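Please consider the following chain and its model. The paragraphs below lead through its strands, its core and its side-chain contacts.

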Amino acid sequence: MAVPAWTVKLGTAAVKGLLGDEGSKKLFKAIMFIVLGIIAIFFALIVSIPTVLLHFPLIGDNYLAKFYKVVSNYNPDGIKISWEEVTAVYGALHNQDYSGVSSGDIKDFAKNWLEEHTEDIKDQYGNVIGTRHWYTLRSMAEVMDILNLNSEQKELAKRLLEGLKEGGMKPPSGWRANPSLGWSWPLPGYDSRNDISSPYGFRIDPIKQEPSFHYGVDIAAPEGTGVIAARAGTVKEIGNDNVYGLYVVIEGGFYTTKYAHLSKISVSEGTQVEAGDVIARSGNTGRSTGPHLHFEVKFMNKHINPLEFFK
């Protein structure tokens, strides 16, 4: 429905009557300031969302476990095929899309690692009375050539294989933590590639010996090293359990950070902290094989690689 012109004039007159010409200009400026502020906040939120790095397969626990079980149990002629190689090459070939892969698909794909050989069996007169079959194991490089992977896919497969064998993709050689705006490295002084003892990603659980996902990064440091808040927020939870040991959870905006295997906690629930504030001391509590800090980050309640904020 069109708005009558007289109502617009009446409204304008009312504003001028209440505020005057100068007041209406100030009101307009205030409204524009609020609108531009909202746009700026929205833009800042968008750019602060971490870029997802192709550091590791986009594969769920169930699919990883399926590759592990199928390939580990497939041993023709006693030949052991590397389940990590099969998983890595499959991921590189299918753009890291593992969705819908079946046990049969995995077994068929694993057969690429087998080179079949045949030999006629002859009797004493030279007549063929049968055929002998046996297999030898192809290398990963040979398999990638057979499957016609290009150079980029081959490089990705190598990186995925490294990630599977090392329990996640470590940062590149020479890496040092470079905090993004609003972030601090939780263990000052222990911020190099060599200090990352276990990266974010899939690994074989050292206790269960089954595929599992490591939802944080482990940073090796002597027990008692000061742990600082990586991001400002409110201490949401303090706890102690058999897995994480002593731990602290901090919430701030859309982000949640977790610090585990601590030896001492210096804050209490409800405490407001800034990035860089000392909150605890590193330790070796819970299910831990040595002194270190387990550091997790969630964005809108979804785990992400903490190293995304320290490129």
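**A walk through the predicted model**

Glu-308 is buried, with a relative accessible area of 10%; here buried means under 20% relative accessible area, exposed means over 50%, and partly exposed lies in between (1.4 Å probe, protein chains only). The model is predicted, so that local features need pLDDT of at least 70 and side-chain atom pairs count only at pLDDT 80 or more, while totals for chains, interfaces and linings use all residues. Residues are numbered from 1 along each chain as its sequence is written, and side-chain values use heavy atoms, with hydrogens and water left out.

Glu-308 forms a salt bridge with Lys-311, the closest N and O atoms being 3.3 Å apart. The term salt bridge denotes a side-chain nitrogen of Lys or Arg within 4 Å of a carboxyl oxygen of Asp or Glu. Lys-311, in contrast to its buried partner, is partly exposed at 45% relative accessibility. The structure holds 6 salt bridges. Another of them joins the side chains of Lys-111 and Asp-108, at 3.6 Å from N to O. Lys-111 is partly exposed at 39% relative accessibility, and Asp-108 is partly exposed at 47%.

A further salt bridge is formed by Arg-132 and Glu-119, with 3.1 Å from N to O. Arg-132 belongs to strand β2 (residues 128–137) and Glu-119 to strand β1 (residues 114–122), so the pair ties together parts that are 13 residues apart in sequence. Helices (H or I, at least four residues) and strands (E, at least two) are DSSP runs, numbered from the N terminus. Both partners are partly exposed, Arg-132 with a relative accessible area of 38% and Glu-119 with 40%. Arg-132 also lies over the face of Trp-134, at 4.1 Å from the ring centre. A charge counts as sitting over a ring if NZ of Lys or CZ of Arg is within 6 Å of the ring centre and within 35 degrees of the ring normal. The charged end of Lys-258 likewise sits over a ring, that of Tyr-244, 3.5 Å from its centre.

Which strands does β12 join? Strand β12 (residues 278–282) is connected by 3 bridges to strand β7 (residues 226–228), and the two run antiparallel. Two strands are said to pair if DSSP finds at least two bridges between them. Across this pairing, Ile-228 stands opposite Val-278. Strand β10 (residues 255–265) is also joined to β12 by 3 bridges, again in antiparallel fashion. There, Leu-262 has Ser-282 of β12 as its bridge partner.

Strand β10 also contains Thr-256, which is buried with a relative accessible area of 18%. Beyond its neighbours within four places in sequence, Thr-256 is in contact (heavy atoms within 4.5 Å) with Val-249, Ile-250, Glu-251, Glu-296, Val-297 and Lys-298.

In soluble globular proteins, nonpolar side chains tend to be buried together. A nonpolar core is a set of buried Ala, Val, Leu, Ile, Met, Phe, Trp, Tyr and Cys residues joined through side-chain atoms within 4.5 Å. The largest such core has 62 residues, of which Trp-185, Tyr-259, Ile-279 and Phe-295 touch the most other members. Helix α3 (residues 83–93) supplies the largest share of this core, 6 residues. Residues up to four places away in sequence aside, Ile-279 touches ten named residues listed in part here, including Val-227, Ile-228, Val-248, Tyr-259 and Val-273.Trp-185 is also one of the contacts of Asp-191, together with Trp-175, Arg-176 and Ala-177, neighbours within four places in sequence being left aside. Asp-191 lies in the loop between α6 (151–166) and β3 (196–198) and is buried, with a relative accessible area of 17%.

The structure holds 17 aromatic pairs. Rings of Phe, Tyr and Trp (its six-membered ring) pair if their centres lie within 6.5 Å; planes under 30 degrees apart count as stacked, over 60 as edge-to-face and the rest as tilted. Tyr-90 and Phe-109 form an edge-to-face pair, 5.2 Å centre to centre with 85 degrees between the planes. This pair links helix α3, which holds Tyr-90, to helix α4 (residues 103–110), which holds Phe-109, 19 residues apart. Tyr-255 and Phe-309 are edge-to-face as well, at 5.5 Å and 85 degrees. Tyr-255 lies in strand β10 and Phe-309 in the segment after β14 (302–304), so the pair ties together parts that are 54 residues apart in sequence. Both rings belong to buried residues.
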